[in-house]
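Student: I would like a close look at one part of this model. Please take the second largest pocket, then say how the other spaces and the charged pairs compare with what you find there.

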Amino acid sequence: MESLLSHCEAKNVSIADAMIGKESEKAEMTREDIFHKMKDRLIKMQEAVEAGKSDGSPAPSGISGGDALKMGEYIDRGDTLSGSLITGAMRYAMATSECNARMGVIVATPTAGSAGVLPGILFSLRDNDNYSLDALTNGLFTASALGYIIANRSFISGAAGGCQAEVGSATAMAAGVIVELKGGTPRQAVHGTAMAMKSLLGLVCDPVGGLVEVPCIKRNVIGTSIAFSSADMALAGIESRIPCDEVIETMYRVGSEMPRTLRETSLGGLATTPTGEGIKRKLYS
């Protein structure tokens, strides 16, 4: 992260600009072509949100589905505890994750199991603050730069490092995106990333029945709230006392020390509760 920040500050560019330049050079494509390819991914995200937000049907597994619709009905009653930015992100994260559970098309950011967090925060920002699709596409470049560093320095899959690596990485990426979209500096974005990732260190991966539905979908939803809280702290000028690079390194060490039973094997955690075991027997009987 420090190398990225040094580049951004020396060139006076955003993290998104730096990533567009890197991808353009690596792929030998124009910046415009790279931008349009990323925008296509954003539109796929939008389609997943639209498909999921009003679909009350259960997933083929029968263990998820319909909660995004309930969240929308709750929001429409106008008596939510959180504001519209948070509740919108919660609804859209749930819609995307439920779309994934129904075998719909989603954009893995960074994985399918954590695909709800980024579209959740992006399309809530669109609804509440009128961000254009081009602005949100820039947000995806910010996310990809942060995710690229996390993936190369640590884990992004639950099988390798627990849910801290999946929903944790997605939440950390989302926090940085929010900061840049709200006009924060690259350094503030990286502090937001660090504070979000710190909040989810140690989170285990324990999918019931081996499916990324329970508890994964609701963890995506909670990830959006943590992303906004972390971004707010960063925009207020609050800094992570532990540098982001060291937080990422810590996530790697914690994941390496995590027992196999808590790394997407469904051999521990919530997957082995009486209810979790009962669902598994029903799914595979």
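Tutor: In this predicted model, the second largest pocket holds about 170 Å³ of space. Its lining is made up of Ser-3, Leu-4, His-7, Ala-18, Met-19, Lys-22, Ala-145, Tyr-148 and Ile-149. Three helices, α1 (2–11), α2 and α7, each supply at least two residues of that lining. Sorted by class, the lining has six nonpolar, two polar and one charged residues.

Met-19 also takes part in another space. The largest pocket has about 480 Å³ of space and 22 lining residues. Met-19, Met-38, Arg-41, Leu-140 and Ser-144 are the ones that lie nearest its centre. Helices α2 (15–27), α3 (31–53) and α7 (133–153) each give at least two residues to the lining of the largest pocket. The largest share comes from α7, with six residues. By class, this lining divides into 16 nonpolar, three polar and three charged residues.

Next comes the enclosed space. A search of the whole structure finds one cavity of 30 Å³ or more. About 60 Å³ of space lies in the largest cavity. Gly-113, Cys-163, Glu-166, Val-167, Cys-205, Asp-206, Val-212, Cys-216 and Arg-219 line the largest cavity. Both α9 and α11 supply at least two residues of this lining, and α9 gives the most, with three residues. The classes here are five nonpolar, one polar and three charged residues.

Two of the residues lining the largest cavity, Asp-206 and Arg-219, bring us to the charged pairs. Side chains of opposite charge can pair when their charged atoms come close. The side chains of Arg-219 and Asp-206 form a salt bridge, at 3.0 Å from N to O. Arg-219 lies in helix α11 and Asp-206 in the loop between α10 and α11, so the salt bridge ties together parts 13 residues apart in sequence. Arg-219 counts as buried because its relative accessible area of 17% is under 20%. Asp-206 is buried as well, with a relative accessible area of 3%. Elsewhere, Glu-2, Glu-9 and Arg-187 are joined into one network by salt bridges that share partners.

The structure holds 14 salt bridges. One of them pairs Asp-67 with Lys-218, with 3.7 Å from N to O. This pair links distant parts of the chain: Asp-67 is in helix α4 (residues 67–76) and Lys-218 in helix α11 (residues 216–235), 151 residues apart. Asp-67 has 24% relative accessibility and counts as partly exposed. Lys-218 has 52% relative accessibility, which is over 50%, so Lys-218 counts as exposed.

Another salt bridge joins the side chains of Lys-182 and Asp-129, at 2.9 Å from N to O. This pair also links distant parts of the chain, 53 residues apart: Lys-182 sits in the loop between α9 (163–181) and α10 (186–199), and Asp-129 in helix α6 (residues 117–129). Lys-182 is partly exposed, with a relative accessible area of 40%. Asp-129, at 31% relative accessibility, counts as partly exposed too.

Notes: Residues numbered from 1 in each chain as written. Predicted model: local features only at pLDDT ≥ 70, side-chain atom pairs only at ≥ 80, totals over all residues. Heavy atoms only, no water. Salt bridge = Lys/Arg side-chain N within 4 Å of Asp/Glu carboxyl O. Helix = DSSP H or I, 4+ residues; strand = E, 2+ residues; numbered from the N terminus. Buried < 20%, exposed > 50% of the residue type's maximum accessible area, 1.4 Å probe, protein only. 1 Å grid on protein atoms, 1.4 Å probe; cavity = no way out; pocket = protein on both sides within 12 Å on 5 of 7 lines; lining within 4 Å. Points joined across faces, edges and corners; volume = space filled by probe spheres on them. Nonpolar A, V, L, I, M, F, W, Y, C, P; charged D, E, K, R; others polar.
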